[in-house]
Amino acid sequence: MVSLFSKDAVMIWIPILLLILFRVAIKHHMRKSRDAQMIIWNDHVTPTTGPTELPRISGIWEVVGPVSNHNKMPRRMTIYRLPGTETPELLIHSCIACNEETMAKIQALGKPKILVIPNRFHTLDAGVWIQRFPDMAIVCPESAKLKLARKNIEPTHPMEEHLASYGISCLTVGVTNDRPMEYILSLPVFGTDDNVLVCSDTWFNIVEPFPGFGYKVMSFLGSIGPFKITKMGTLFIKDWERYADDLESIKTTENVVGILVGHGAAIAGYADSNKALLSVLSFARSKAEKKKDE
Ligand SMILES: [Fe+2]
């Protein structure tokens, strides 16, 4: 009978034992990293409302929640069902990590297909979304790439071209160089000639107070109030005439039926959307006039 500890036997069972231990260690590591991912996701979850479909606009939903559990300023994620796909697929703009119940509702609307990281500031939950949905196309403006690289996030497609293949336009206002801070997306509303404009920080519309010290800070910075370019936003605008011309062009070429900003209430309907665009347009024109007089 061959002993288990004979030289020949040891040469067989030690490698087998090592292989088993290696497999156990790998499985343990994978389980730990999966758990860690879930913990990271859960760390990002804030209380949200939605997904809520926009009134009388088919195929566009919003999820609204605070920036974080410490900063109660409202932020919005826009969910858009992409046109022309056999099974429902979604564009996610300015993603928010939601609880599992809300995530299940979002996934019931369609498969997350494109993640739009709208600018270098709206990156809080991008990493956990990409971990959760690794097959999504990732797009962002050129100006956000450096910040995202620091978070090991790399866009998979050029933003303007990729979105254009779905009939989505990337509009700019007042951009005087090749690297806009963010685009205004013009989303075609299914079955109509209408468009919904979506942006993050180009315009604000915070009409309701929110709890916490942040509200006082944002009021001081001039970011609270009806639809507008914030005081901070005006610092980025060098050419007001160009800004006003671009707005005028959006107003005439796009059939705007809704405006979704990154922070604040949604604007829905032709009349309110038109009024909102007119208000920033007249502000921009008056700024342009003042600049001329200086
Ligand atoms: Fe923002």
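These legends accompany several views of one predicted model.

**Figure 1. The whole chain, in outline.** Let's start with the full predicted model. Nine helices and 11 strands make up the secondary structure of the protein. The radius of gyration is 24 Å, well over the 19 Å that the globule rule gives for 294 residues, so the protein is more spread out than a compact globule. Along the principal axes, the C-alpha trace spans about 105 × 45 × 35 Å. Of the 294 residues, 33% are buried. Among contacts with a separation of 6 or more, 53% link residues that are 24 or more positions apart.

**Figure 2. A close look at residues 6–26.** Here we zoom in on a stretch that UniProt, in an unreviewed entry, annotates as "transmembrane region". What is the secondary structure over residues 6–26? In the model this part of the chain is 95% helix and 0% strand. The C-alpha atoms at the two ends of the stretch are 30 Å apart.

**Figure 3. The six-stranded sheet.** Follow the strands across this open sheet and you will meet them in the order 1-2-3-4-5-6, with mixed pairing. Strand 1 (49–53) and strand 6 (137–139) are the edge strands, each pairing on one side only. From one strand to the next, the twist averages 25°.

**Figure 4. The pairing of strand 1 with strand 2.** This view moves in on one edge of the six-stranded sheet, where strand 1 lies. Strand 1 runs antiparallel to strand 2 (residues 60–66), and three bridges join the two. For a pair to look for, try Thr 49, whose bridge partner in strand 2 is Val 64.

**Figure 5. The five-stranded sheet.** A second view of strands shows an open sheet in the order 7-8-9-10-11. Five strands form this sheet, and their pairing is mixed. Which strands sit at its edges? They are strand 7 (169–171) and strand 11 (267–268), and each of them pairs on one side only.

**Figure 6. Strands 10 and 11 with helix 9.** Our last stop is the edge of the five-stranded sheet that ends in strand 11. Strand 10 (residues 256–260) pairs with strand 11 in the antiparallel sense, over two bridges. One residue to pick out is Ile 259, which has Ile 267 of strand 11 as its bridge partner. Helix 9 (residues 270–293) lies across both strand 10 and strand 11. The helix runs at about 65° to strand 10.

Terms used: Residues are numbered from 1 along each chain as its sequence is written. This is a predicted model: local features need pLDDT of at least 70, side-chain atom pairs count only at pLDDT 80 or more; totals for chains, interfaces and linings use all residues. UniProt positions are given in the numbering used here, feature names are shortened, and annotations may be inferred rather than shown by experiment. Helices (H or I, at least four residues) and strands (E, at least two) are DSSP runs, numbered from the N terminus. The radius of gyration is taken over C-alpha atoms; the globule rule is 2.2 Å times the number of residues to the power 0.38. A residue is buried if 20 or more other C-beta atoms lie within 10 Å of its own, exposed if 12 or fewer, and partly exposed in between; C-beta atoms are placed from the backbone. Two residues are in contact if their C-beta atoms, placed from the backbone, lie within 7 Å. Two strands pair if DSSP finds at least two bridges between them. Axes are lines fitted to C-alpha atoms, for helices over the stretch in contact, and angles run from 0 to 180 degrees between N-to-C directions.
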